[in-house]
Amino acid sequence: YAIKADKTVDSVCPYCGVGCQLTYHVKDNEIVRVDGRDGPANHERLCVKGRYGFDYVKHPHRLTKPLIRKADAPKHAEFTVDPDKWSEIFREATWEEALDLAAKGLGKVRDTMGPNALAGFGSAKGSNEEAYLFQKLVRTGFGTNNVDHCTRLCHASSVAALLEGVGSGAVSNQVSDVEFAEVIFLIGSNPTANHPVAATWIKNAARNGAKLIVADPRRNDIARHAWRTLQFKADTDVALLNAMIYTILEENLCDQEFIRTRTSNFQALKENSKGFSPETMAPICGIPAETIREVARAYATSKGSMILWGMGISQHVHGTDNARCLIALTLMTGQIGKPGSGLHPLRGQNNVQGASDAGLIPMMFPDYQRVDNPEALSRFEKFWNRKLDPKPGLTVVEIMDAACDGRIKGMYVMGENPAMSDPNAHHAREGLAALDCLVVQDIFLTETAYLADIVLPASAWPEKTGSVTNTDRMVQMGRRALDMPGDARQDLWIIQQLANRLGCGWTYTGPESGVAQVYDEMRLAMNSIGGITWERLEEQSSVTYPCRTEHDPGQSVVFTEDFPTKDGRAKFVPADIIPANERPDGEYPFVLITGRQLEHWHTGSMTRRASVLDAIEPRAVASLHPLDLDALGARPGDTITVASRRGEIALAARADDGIPRQTVFIPFAYYEAAANRLTNPALDPFGKIAELKYCAVKVKKG
Ligand code: SF4
């Protein structure tokens, strides 16, 4: 820390949904140090990404000029990106030329094939204002609801179940509420790697006496702090959770008053639970019946029990059913609507909550107002002064299918990398390659940008000002600390330039590409943040929604009186066992689970260009149980090949006795061994989320 900074700038971490507040120390337009601030979600704590994950901003691979694909540069799905050889594929252009060409290409598709031949992927790594403007451009400028983002691959099934059950897709209680809980039920989540600062709240609560129940097919780090660890068989979530529901019913541990006054459809849950006794489910899920009964009793009878979950619950073809069971557990025991209780789906990206709230999803306008609700439709038609499509649009995986079969011909992708993050990545790349016009706005030449016709160089998070909303429903202020390199531009400016070339006629003005004016418009469209003015955000840095008036402090615990449903009641929705779409067999005998590592974020475009993070985890790895490695004749560090029915990758083996036998865990951050070449695009029918946590693979040494 010998370098003395010229200035300090307060902002928020751009990585995970915890939303740690931080201070950049800046010298000569470089971040020389980052400190944790005393924000409500982190209390000065930061993990390794928040502390050391920023020098990607200055990486020589940064895009600094608009690029246009050369006429003789073919597009195909099999390629390896070499960012240093970009000039073999692209030529540099001025902003005028690139924006004109992008608008012409997208406009031609719209005008010749119709609005629904276009689609847009926005980003959960951008600000709320960018998400709002992006979906507004797709809905009003393109004329379609084909707009989505990575929430589809993250918690879409959790949100579907929450909207159906309790009327709101956001968390009921904030992570820090675990300090008031007597029982914490953590399922399908590895917070030490994925939400590291949130994990510290959970570990502290466990140290202070809360009974921590960790349920996950992998035994992960936080299990060391657990009162009980349920290492259940992958894909048997509903069996385990229904056995808990059965126990609570059979042993009369329900909160009858809560069920009578605040819920509906309880009888259906009771009927459905028959046949799910712990004794019957134990051999299916691999957890002894008495242990299931013990944790069910602890959960039901404590003064406060809180459930937190991750993508181990959501990324299945039965993801919505998994979440329905969790919701039923809280409702039947009255463990919701009070401190230290409730439901908390831990959001992945820093702004996946805010981007979804802002309407970056195909079936909802901002604030979850359905596009096929005539009242909401007419309200937004007046508000935006445009005729809007009353039909929900396609979701992420559906859009790629439509690109492959020619129904979608033009796309605008801002800050997402579907060529790496979509299931069955080869198929996604084929879809992207088949488009007549692909416009990609990013800070690096990602695998998706490599297939683009026009590449627009955008701003990194420390180069712009905007709000983001964390997993706790805290709307927080990110502030610009750095100038952009070369001719890169702020995303908000680029969206507006494209929109106006497509006839939107927007006139946002003011500093930072008119961000405060965009936010003010958003606030008018969204009751939930109506009381959070831009000035208030600038002053307080963090305000929790729902917050409807300027004097409302914001509500950290919701559902205290009623639920935001039509009748004010929450609804039980029973679930049956539905197996994974693709089970192991003689040819593909292993189960593949994909996920993240502490050091690398999603498709790795930022963290693999952050020197400290890359130095810690420089190489693509697959983790297996040591006995399985022995059986393959491989040692840690050896190259192994993992293949599914969709593709194969080679990477280094790592031994981990927390991984179940006949199972492989692979992070999806590595372009040279992209895990999503293997994954199964089968969808949950409600959330339309892909089964990224389970498919069949084979493994061999070499
Ligand atoms: Fe950033 Fe999440 Fe780490 Fe906090 S816990 S520093 S928000 S990555």
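The legends below describe several close-up views of a predicted model.

In this predicted model, local features need pLDDT of at least 70 and side-chain atom pairs count only at pLDDT 80 or more, while totals for chains, interfaces and linings use all residues. Residues are numbered from 1 along each chain as its sequence is written, and side-chain values use heavy atoms, with hydrogens and water left out.

**View 1. A salt bridge between Arg-33 and Asp-35.** Side chains of opposite charge can pair when their charged atoms come close. The term salt bridge is used here for a side-chain nitrogen of Lys or Arg within 4 Å of a carboxyl oxygen of Asp or Glu, and by this rule the count comes to 45 salt bridges. The side chains of Arg-33 and Asp-35 form such a pair, with 2.8 Å from N to O. Arg-33 has a relative accessibility of 28% and therefore counts as partly exposed, given that buried means under 20% relative accessible area, exposed means over 50%, and partly exposed lies in between (1.4 Å probe, protein chains only).

**View 2. A salt bridge between Lys-464 and Glu-130.** The closest N and O atoms of Lys-464 and Glu-130 are 3.2 Å apart. Lys-464 lies in the loop between β18 (454–457) and β19 (466–469), whereas Glu-130 lies in helix α3 (residues 128–142), so the pair ties together parts that are 334 residues apart in sequence. Helices (H or I, at least four residues) and strands (E, at least two) are DSSP runs, numbered from the N terminus. Both Lys-464 and Glu-130 are buried.

**View 3. A salt bridge between Lys-409 and Asp-436, followed by a network.** In the pair of Lys-409 and Asp-436, the closest N and O atoms are 3.8 Å apart. Lys-409 sits in the loop between α16 (396–404) and β16 (410–414), and Asp-436 in the loop between α18 (425–434) and β17 (437–442), so this salt bridge ties together parts that are 27 residues apart in sequence. With a relative accessibility of 17%, Lys-409 counts as buried. In addition, salt bridges that share partners join Glu-250, Glu-251, Glu-279, Glu-290, Arg-293 and Arg-297 into one network.

**View 4. Side chains that reach backbone nitrogens, at Asp-453 and Asn-470.** Asp-453 is found in the loop between β17 and β18, and its relative accessible area of 17% makes Asp-453 buried. The side chain of Asp-453 reaches the backbone nitrogen of Leu-438 at 2.7 Å. Asn-470, in the loop between β19 and β20 (474–478), is buried with a relative accessible area of 2%, and its side chain reaches the backbone nitrogen of Met-474 at 2.9 Å.

**View 5. Surface patches of negative charge and of nonpolar side chains.** Patches are made of residues with over 30% relative accessible area and no salt bridge, where like charges are joined within 9 Å and nonpolar side chains (Val, Leu, Ile, Met, Phe, Trp, Tyr) within 5 Å. Asp-520, Glu-535, Glu-538 and Glu-550 gather in a patch of negative charge on the surface, and Glu-550 is found in the loop between β21 (542–544) and β22 (570–571). Tyr-52, Val-612 and Ile-616 make a nonpolar surface patch of about 250 Å², an area that comes from the Shrake-Rupley method with a 1.4 Å probe. Within this nonpolar patch, Tyr-52 lies in helix α1 (residues 48–52) and is partly exposed, with a relative accessible area of 39%.

**View 6. Backbone geometry at Pro-546, Asp-367 and His-602.** Most residues other than glycine have a negative phi, and most peptide bonds are trans. The peptide bond from Tyr-545 to Pro-546, however, is cis, with omega near 0 degrees, and Pro-546 is placed in the loop between β21 and β22. Asp-367, although not a glycine, has a positive phi of about 65 degrees; Asp-367 is found in the loop between β14 (364–365) and β15 (369–370) and, at 18% relative accessibility, counts as buried. His-602, which is likewise not a glycine, has a positive phi of about 45 degrees; His-602 lies in the loop between β23 (590–595) and α22 (611–616) and is buried, with a relative accessible area of 16%.

How values were computed:
Lys and Arg count as positive and Asp and Glu as negative; His and the chain ends are not counted. The place of a charge is taken as NZ of Lys, CZ of Arg, CG of Asp or CD of Glu. A polar contact is a pair of N or O atoms within 3.5 Å; within protein, one must be able to donate a hydrogen and the other to accept it, and residues adjacent in sequence count only if both atoms are side-chain atoms.
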